[in-house]
Amino acid sequence: MKHLLRYILVLKKLLKFFHKLFDKHDHHRCEVTGSLRRKKKDVRDIDIVVKKNENKKIKVENLKDVDIKVLEIVSKYNEVKKRINNYEFLLKSGISIHMIPETSKQFNYTLWHSTGPKPHVKLIKNMYKEKGKKIDMENTVEGEIYEKIGLKHLQPEKRWEIV
């Protein structure tokens, strides 16, 4: 439990930093995903999905623009010790953060998919396949992913229940 609390404290500090830098005009949204979102006791890293809300004046959103902004913001965070790879950073605390930039249209699907756990995601995808359906990756909310195959929405911390 101590381990999880350490991650939560780091996460709160990190999100406060992001929200301060993603000003009102940028319209970015950050959501915790992965094992932290599932409220696991054993957390290895912090996964965050970031999207730029669609600007009503600009119809097309470019993922590359989201990428550039996310990397720019993370590089300004003074707790970053080093960059591990394109979207993963090691903090001075020893905790790694994994940034997942996404477009507005696929944000909810990516949030669901990256929350996992992997066996759960695989099971749901197989259920879709068995029913001859495909998961709508654009403009869908998590609850719809389950409802379209006759299941009730599962909160992230309960997703191990059907694996």
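The following exercises, with worked solutions, concern the sheet and the aromatic contacts of a predicted model.

**Exercise 1. Sheet order and edges**

Determine the order of the strands in the open sheet, and state which strands stand at its edges.

*Solution.* Step 1: the sheet is open and has five strands, in the order β1-β2-β5-β4-β3, with mixed pairing. Step 2: β1 (28-33) and β3 (80-83) each have a single partner strand, so they stand at the edges and one side of each is left without a neighbour in the sheet. Step 3: from one strand to the next, the twist averages 30°.

**Exercise 2. The pairing of β3 with β4**

Establish in which sense β3 and β4 pair, parallel or antiparallel, and identify the bridge partner of Lys 82.

*Solution.* Step 1: β3 and β4 (residues 88-91) are joined over three bridges, and the sense is antiparallel. Step 2: the bridge partner of Lys 82 is Leu 90, which belongs to β4.

**Exercise 3. The helix on the sheet**

Find which strands helix α4 touches and what angle its direction makes with that of β1.

*Solution.* Step 1: helix α4 (residues 107-115) packs on the sheet, where it touches β1, β2 (45-52) and β5 (96-102). Step 2: the direction of helix α4 makes about 20° with that of β1.

**Exercise 4. Aromatic pairs**

Classify the two aromatic pairs of the structure by geometry, and describe the burial of the residues involved.

*Solution.* Step 1: the structure holds two aromatic pairs. One of them joins Tyr 109 and Trp 112, with 5.8 Å centre to centre and 45° between the planes, and is tilted. Step 2: Tyr 109 and Trp 112 are three residues apart in helix α4, so about one helical turn separates them. Step 3: the relative accessible area of Tyr 109 is 9%, and that of Trp 112 is 0%; the cut-off for buried is under 20%, so Tyr 109 is buried, and Trp 112 is buried too. Step 4: Trp 112 also pairs with Tyr 146, at 6.4 Å centre to centre and 80° between the planes. Since an angle over 60 degrees counts as edge-to-face, the pair of Trp 112 and Tyr 146 is edge-to-face. Step 5: this pair links distant parts of the chain, with Trp 112 in helix α4 and Tyr 146 in helix α6 (residues 142-147), 34 residues apart. Tyr 146 is buried, as is Trp 112. Step 6: through these ring pairs, Tyr 109, Trp 112 and Tyr 146 are linked into a cluster.

**Exercise 5. A charge over a ring**

Identify the ring over which the charged end of Lys 51 sits, and give the distance to its centre.

*Solution.* Step 1: the ring is that of Phe 107. Step 2: the charged end of Lys 51 lies 5.1 Å from the centre of this ring.

Methods. Residues are numbered from 1 along each chain as its sequence is written. This is a predicted model: local features need pLDDT of at least 70, side-chain atom pairs count only at pLDDT 80 or more; totals for chains, interfaces and linings use all residues. Side-chain values use heavy atoms; hydrogens and water are left out. Two strands pair if DSSP finds at least two bridges between them. Helices (H or I, at least four residues) and strands (E, at least two) are DSSP runs, numbered from the N terminus. Axes are lines fitted to C-alpha atoms, for helices over the stretch in contact, and angles run from 0 to 180 degrees between N-to-C directions. Contact means heavy atoms within 4.5 Å. Rings of Phe, Tyr and Trp (its six-membered ring) pair if their centres lie within 6.5 Å; planes under 30 degrees apart count as stacked, over 60 as edge-to-face and the rest as tilted. Buried means under 20% relative accessible area, exposed over 50%, partly exposed in between (1.4 Å probe, protein chains only). A charge sits over a ring if NZ of Lys or CZ of Arg is within 6 Å of the ring centre and within 35 degrees of the ring normal.
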